[in-house]
Amino acid sequence: MGDPCTESNSMAESDSKPPSASKNGKGEGGSGHSFFTWFMVLALLGVWTSVAVVWFELVDYDDVLARAKEFRYNISEVLQGKLGAYDADGDGDFDVEDAKVLLGLKEKPAILVERRAEPDSLVEEPEAEPEPEVVEEMIQPSHAEEAAWPFPDPVEEEPVVLEEVEPEGEEEPVEDEAAPEIEISEEQVEEAQVDWESELEGEPEVAEAEESAPAEEDEDDSLSEDAGENQDTASVPEGDDDAAVPLPELVEEDSDSEDHTEDAIDTVGEIVEEAVPEETEEELDHEELLEVDQGDEPTREDENPQEAEEEPAPAEDQPVEKVLVTAEAAQEQKPKEKVKKKKKPKLLNKFDKTIKAEIDAAEKLRKKGKVEEALRAFESLVQRYPQSPRSRYGKAQSEDDLAEKVRSNEVLLKAINTYREVAELPDPPADLVKTTLKRRAERQQFLGRMRGALATLEWLVQLFPEDISLKNDLGVGFLLMGDNKNAKRVYEEVLAVAPNDGFAKVHYGFILKSDNMIAESIPFLREGLQTGDPGTDDGRFYFHLGDALQRVGDSSAYEWYELGHQRGHFASVWQRSLYNVDGLKAQPWWTPRETTYTDLVKALEKNWKTIRDEALSVMDPGRGLFVPEDENLREKGQWGQFTLWQQGKKVEKSCRSVPKTCALLERYPEATGCKRGQIKYSVMQPGTHVWPHTGPTNCRLRMHLGLVIPANGCQIRCTNQTRAWEEGKVLIFDDSFEHEVWQDASSYRLIFIVDVWHPELTQYQRQTLSPI
């Protein structure tokens with residue numbers, strides 16, 4: 001043990017010493033050490049935060065640097081812009097040398113005087129020697145812009161070419177002066193163009209309804225398609241030649257009306273720039289309405305015999321390649337020619353001008369798709385102003401629209417009658433009468449009332465005997481009636497007055513070919529297609545021109561087929577059917593497995609003798625059941641047919657003569673229900689040749705069952721493959737491809753033809769497709 005005193009003394013000394021900081025810096029007197037510790041903690045935290053930011057890419061450093069650089073440039077530009085006025089030495093910026101000049105410490109350089117005089121001299125040069133070519137390249141990016149906007153004269157635009165030398169401050173006034181001019185044009189266009197200017201003849205309601213009522217548009221489109229199929233059915237006979245009767249196509253008129261919209265804008269632009277009398281401005285809305293809807297007619301109407309001097313050399317003397325290029329060039333140049341030949345129509349008589357505001361209000365309702373309200377508005381106008389042609393025409397249009405909306409033929413008949421009432425009023429404008437009766441004829445054709453449509457077209461020709469386009473339409477009306485003789489007379493009259501009219505030429509050539517005047521039809525078809533006139537670029541004319549050339553042994557037929565294919569009329573050079581469903585598998589020859597109709601093929605081959613025996617029992621010429629082929633497909637020989645089903649309908653009288661064959665086929669709806677085909681016997685005598693030809697549609701496949709086949713001499717070619725029939729065996733091919741038949745045997749050939757739906761057609765398509 002130690003001394004107690006010593007221990008107490010040591011304890012006292014320890015109490016008197018100041019407390020010392022511990023090693024971890026937490027002592028009472030270690031404030032310096034505590035600051036260092038916290039600094040280290042924060043430093044480590046920053047390091048790990050930086051590592052995390054970089055590792056996990058929390059910050060896009062490239063973007064940060066780019067923004068900083070951009071900010072620096074912007075600041076520099078702003079400063080240069082603010083201080084550029086103090087540029088005293090002419091070097092383009094403000095620097096120390098400029099400051100010295102401003103403070104009087106340095107003389108002003110002589111270069112500045114020369115530099116300031118330079119822009120004035122450069123601006124004066126274009127006035128003495130303008131350069132219009134350079135300006136045209138700058139202000140004409142497209143034809144549409146040229147038609148829509150009134151550009152300044154080239155001399156006024158010349159300073160813009162010199163913008164590299166001219167200071168920026170002098171450019172701005174030029175742009176400021178041009179901008180108000182364009183804005184004014186747009187306002188004038190909107191004020192001058194009433195909503196109902198877009199269309200008058202075709203389907204005006206559909207174009208406007210796209211913006212206001214898309215659902216109604218779908219209904220209208222579907223109605224038009226269904227009705228188009230019905231019209232197709234009524235006017236597409238069984239024969240290839242008859243099936244190609246050209247029909248009036250409303251689609252072309254719609255496309256033309258879209259093209260003419262630019263013309264309407266250009267017309268309004270001219271009115272803004274020129275001083276027009278009040279009467280013209282008041283009539284502008286209604287006059288331009290017909291101008292938009294006239295479609296192809298003005299081009300044909302203005303043609304006259306004097307144009308014969310500009311007619312190119314005869315097509316027979318031109319190489320085929322040149323002829324094809326000419327046809328393409330004519331199609332491209334034709335829209336420009338139509339624009340030049342436009343005439344302003346007049347749709348308002350003096351009385352209608354006094355109620356123009358009320359007519360416009362009702363018309364806007366119609367164009368917005370409010371058909372019922374528009375009809376009530378026009379009916380009210382007709383009641384108050386019974387002698388107003390424009391009000392009654394608006395009533396007819398509204399009834400026409402309503403008929404499409406509710407799909408009612410009864411309402412459409414009311415519209416047809418109202419159209420007639422417009423033309424019968426005492427003082428209707430001539431342009432309104434023409435437009436009204438043309439629309440009436442179109443709607444009559446839509447309903448299949450061909451005789452009534454023909455009477456309306458004859459009425460039009462009597463009222464406007466100088467209008468070539470109306471005579472052309474009358475010729476089509478006769479063709480739809482099957483009256484080729486009168487159609488031929490009409491087109492002869494047209495060609496006597498307008499020998500360059502392409503529409504009349506192709507139709508006249510078609511009539512000649514239908515009358516088996518093959519060689520005579522070729523120049524009219526070829527020259528008509530070369531003109532590129534509206535209504536000539538039709539697959540039916542390429543079809544018949546190529547067919548005529550083939551029959552006279554001219555190999556250029558396939559070049560015209562190729563041109564028709566390039567224009568979208570044919571699926572290929574070989575497959576030239578005109579009534580098609582897109583996307584179906586296309587090949588000339590098929591196997592039973594590919595068709596999926598193996599059961600039908602097996603049944604035919606198993607029962608071929610029964611089918612043959614029944615055919616032989618009705619082949620007696622005295623009974624007259626086999627009728628000659630009447631489609632103008634034979635070059636020579638005899639070819640007879642005995643039909644059991646036609647367009648999906650059973651021929652009861654025929655089936656009573658061959659009951660077992662018909663009973664067998666009724667098990668297979670793919671054949672008996674094929675509305676675009678036939679089931680028939682075909683007998684061909686020796687020495688018969690069938691021209692190369694194609695069927696009308698790609699919606700069917702054709703089966704040939706051999707019944708009586710001579711040993712040699714009977715062949716069929718489809719595209720570039722030739723095959724022969726065998727007794728009791730089925731050949732299957734797609735007759736929309738070109739095919740040809742030879743019968744050079746010593747005895748007759750008898751086969752059984754069964755058409756079936758293309759296997760890729762849906763059940764809905766099979767039910768809704770129109771018969772052929």
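**Entry 1: Glu372**

I began with Glu372 and set aside its neighbours within four places in sequence; Glu372 is then in contact with Leu402 and Lys405. The model is predicted, and I read each entry below with that in mind. I placed Glu372 in helix α19, which covers residues 371-384. I then looked up the C-alpha to C-alpha distance from Glu372 to Leu402, which is 7.2 Å, for two residues that lie 30 apart in sequence. Is Glu372 buried or exposed? Neither word fits: its relative accessibility is 32%, so I entered Glu372 as partly exposed.

**Entry 2: the protein as a whole**

Before going further I noted the overall content. I found 36 helices and 13 strands in the protein. Of its 772 residues, 45% are buried. I also looked at contacts with a separation of 6 or more: residues 24 or more positions apart account for 71% of them.

**Entry 3: α20 against α21**

I turned next to helix α20 (residues 389-406) and its contact with helix α21 (residues 409-424). Their axes come within 8 Å and cross at roughly 165°. Angles over 145 degrees count as roughly antiparallel, and I therefore recorded α20 and α21 as roughly antiparallel to each other. I noted a left-handed crossing for this pair.

Which residues of α20 and α21 make the contact? From α20 I listed Pro389, Arg392, Tyr393, Lys395, Ala396, Gln397, Glu399, Asp400, Leu402 and Ala403. From α21 I listed Val411, Leu412, Lys414, Ala415, Thr418, Tyr419, Glu421 and Val422. Sorted by class, the contact of α20 with α21 has 10 nonpolar, two polar and six charged residues. Leu402 of α20 is among the residues in this list, and Leu402 is also one of the contacts of Glu372 from my opening entry.

**Entry 4: α20 against α22**

I then examined α20 with helix α22 (residues 430-446). The axes of these two come within 11 Å and cross at roughly 20°. Angles under 35 degrees count as roughly parallel, and I therefore entered α20 and α22 as roughly parallel to each other. The crossing of α20 and α22 is left-handed.

On the α20 side the contact is made by Pro389, Arg390, Tyr393, Asp400 and Glu404. On the α22 side I found Leu432, Thr435, Thr436, Arg439 and Arg443. By class I recorded three nonpolar, two polar and five charged residues for the contact of α20 with α22. Pro389, Tyr393 and Asp400 of α20 take part here, and I had already entered these three residues in the contact with α21.

**Entry 5: the five-stranded sheet**

I moved on to the strands. What is the strand order of the open sheet of five strands? I read it as β3-β7-β12-β9-β10, with antiparallel pairing. The edge strands are β3 (634-636) and β10 (721-723), each of which pairs on one side only. From one strand to the next, the twist averages 20°.

I followed the pairings across this sheet. Strand β7 (residues 688-693) is joined to strand β12 (residues 739-743) by four bridges, and the two run antiparallel. His689 stands opposite Trp742 in β12. On β12 I also looked up the pairing with β9: five bridges join these antiparallel strands. The bridge partner of Cys718 in β12 is His739.

Strand β9 (residues 714-718) has four of its five residues buried, so I described β9 as largely enclosed by the rest of the structure. Three bridges join β9 to β10, again antiparallel. In β10, the residue opposite Cys718 is Gln721. The hairpin of β9 and β10 has two residues between the strands, and in it I found Thr719 with a positive phi near 55°.

**Entry 6: β6 and its partners**

My last search concerned strand β6 (residues 678-684). How many residues of β6 are buried? I counted seven of seven, and entered β6 as mostly covered. Both of its faces are covered: Gln678, Lys680, Ser682 and Met684 are buried on one side, and Ile679, Tyr681 and Val683 on the other.

I then traced the pairing of β6. With strand β4 (residues 639-646), β6 pairs in the antiparallel sense over seven bridges. The bridge partner of Thr643 in β6 is Lys680. With strand β13 (residues 749-757), β6 pairs over six bridges, also in the antiparallel sense. There I found Tyr681 opposite Phe752 in β13.

Key. Residues are numbered from 1 along each chain as its sequence is written. This is a predicted model: local features need pLDDT of at least 70, side-chain atom pairs count only at pLDDT 80 or more; totals for chains, interfaces and linings use all residues. Side-chain values use heavy atoms; hydrogens and water are left out. Axes are lines fitted to C-alpha atoms, for helices over the stretch in contact, and angles run from 0 to 180 degrees between N-to-C directions. Angles under 35 degrees count as roughly parallel, over 145 as roughly antiparallel, 65 to 115 as roughly perpendicular and the rest as oblique. A crossing is left-handed if the near helix is turned anticlockwise from the far one by less than a right angle, and right-handed if clockwise. Contact means heavy atoms within 4.5 Å. Ala, Val, Leu, Ile, Met, Phe, Trp, Tyr, Cys and Pro count as nonpolar, Asp, Glu, Lys and Arg as charged, and the others, Gly among them, as polar. Two strands pair if DSSP finds at least two bridges between them. Buried means under 20% relative accessible area, exposed over 50%, partly exposed in between (1.4 Å probe, protein chains only).
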